[in-house]
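Let's take a walk through this structure together, one stop at a time. Have the model open and turn it as you read.

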Amino acid sequence: MTSTPGRFTEVAMRRVLARLSNQLSVDDTDARLLRLTNNAVFALPSAGLVVRITRTHRLQARVHKVAALGAWFEEVDAPTIRLADGIGQPVVDGDLLATVWRYVAPHEPPPNAADLGVTLRVFHSLSVPPLPLPEWDPIGDARSRLDDAEGLADGDREYLLSWCDRLEPRLQQFAASVEPGLVHGDAHEGNLIRDVSGKVLMCDFDATCIGPWQVDLVPPPANEARFGPTGGHSKLAAAYGYDITRDPSWRLLQEARELKMIAAAVPLLASAPGVAEEFRLRLRSVRTGDTGVRWTPFGDLPRIS
């Protein structure tokens with residue numbers, strides 16, 4: 001299904017939120033936008049809820065997976081946020097889907113890379129869920145985003161598809177060499193929250209899958225290479241007990257992460273000029289081999305209202 005420009009802006013997503021709130025009979029007068037990337041994420045503190053609305057139709061299958069995972073996480077007492085009680089998940093609004101979670105008011109200090117390392121060790125120790133989870137497939141994910149690419153120039157599409165073709169067999173060979181387990185898929189400090197008791201919880205399970213545990217250690221050092229040093233990688237390595245940059249697979253996994261960080265913007269190119277500019281900067285730096293140019297996280301870009 002082709003989206004129309006403006007359909008997934010903040011204003012449009014707030015309209016969806018209003019309809020969902022009415023459907024759930026909850027108060028959304030204090031709704032606060034937390035994120036506006038592939039999902040529009042709203043906190044509703046007075047209702048004690050967080051609502052995550054998908055903004056691209058081609059990723060809707062993930063919503064059903066995330067809902068099933070949320071139920072399983074509660075069963076095994078995983079170090080994660082929890083689905084809201086008494087709500088059938090996912091929630092439907094026309095052709096859009098959403099999941100609804102219990103609101104966790106963030107407490108100080110904010111989670112850091114050391115917290116990420118400790119939490120990931122617990123997360124990786126969980127058994128493989130009895131759910132039809134996808135296998136780790138960064139190339140398949142990238143290609144699915146390229147399919148949802150209204151604003152992608154032909155030359156950029158060809159380059160990205162060629163990049164996928166080059167990486168895929170190498171990543172498949174690596175994955176086959178590692179015992180598969182539960183992988184968060186987008187492990188970074190921004191996907192952690194500290195609750196009132198001081199416990200650190202993981203959130204955002206769109207990319208959760210079964211695959212090599214090493215991939216969850218890649219984002220902090222890969223992000224530092226592109227967004228700038230923070231010291232987070234060294235804290236992660238010490239807390240987890242493993243330095244991924246010394247793993248023989250590091251350069252391969254770093255490249256796969258950079259492909260993901262570029263392809264993630266593709267479904268939003270037509271409706272988000274700020275994202276489009278950042279996409280072009282990232283792709284140009286990769287194509288020219290420029291490792292000095294600094295990228296900007298999509299969540300830090302100006303929003304379209």
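Start with a single residue, arginine 226, which is buried because its relative accessible area is just 5%, and the cut-off for buried is under 20%. Keep in mind that you're looking at a predicted model. Where does arginine 226 sit? Its place is in helix α6, the stretch covering residues 219–227. Now look at what surrounds this arginine. Setting aside neighbours within four places in sequence, arginine 226 is in contact with Glu258, Met261, Ser285, Val286, Asp290, Thr291, Val293, Arg294 and Trp295.

Time to zoom out. The protein chain is built from nine helices and nine strands. Its radius of gyration is 19 Å, close to the 19 Å that the globule rule gives for 305 residues, so the chain is as compact as a globular protein of that length. If you follow the C-alpha trace along its principal axes, it spans about 50 × 45 × 35 Å. Of the chain's 305 residues, 53% count as buried, so arginine 226, at 5% relative accessible area, is part of that buried share.

How do distant parts of the sequence come together? Take the contacts between residues at least 6 apart in sequence: 69% of them join residues at least 24 apart. On the outside, the accessible surface comes to about 13700 Å², with 52% of it belonging to carbon and sulfur atoms. As for charge, there are 33 positive and 39 negative ones, and their mean positions lie 3 Å apart.

Next, pick out strand β3, residues 49–54. Six of its six residues are buried. Here's a handy bit of background: in a regular strand, side chains alternate between the two faces of the sheet. In β3 both faces are covered, with Leu49, Val51 and Ile53 buried on one side and Val50, Arg52 and Thr54 buried on the other.

Which strands pair with β3? One is β2, residues 39–44, which runs antiparallel to β3 and is joined to it by six bridges. These two strands form a hairpin with four residues between them, and there glycine 48 takes a positive phi near 70°. Another is β5, residues 96–102, also antiparallel to β3 and joined to it by five bridges.

Finally, let arginine 52 tie the three strands together for you. Valine 41 has arginine 52 in β3 as its bridge partner, and arginine 52 also stands opposite threonine 99 in β5.

Key:
Residues numbered from 1 in each chain as written. Predicted model: local features only at pLDDT ≥ 70, side-chain atom pairs only at ≥ 80, totals over all residues. Heavy atoms only, no water. Buried < 20%, exposed > 50% of the residue type's maximum accessible area, 1.4 Å probe, protein only. Pairing = 2+ DSSP bridges. Rg over C-alpha atoms; globule rule 2.2 N^0.38 Å. Contact = heavy atoms within 4.5 Å. Areas by Shrake-Rupley, 256 points an atom, 1.4 Å probe, with all protein chains shown as cover. Lys, Arg positive; Asp, Glu negative; His and termini not counted. Charge placed at Lys NZ, Arg CZ, Asp CG, Glu CD.
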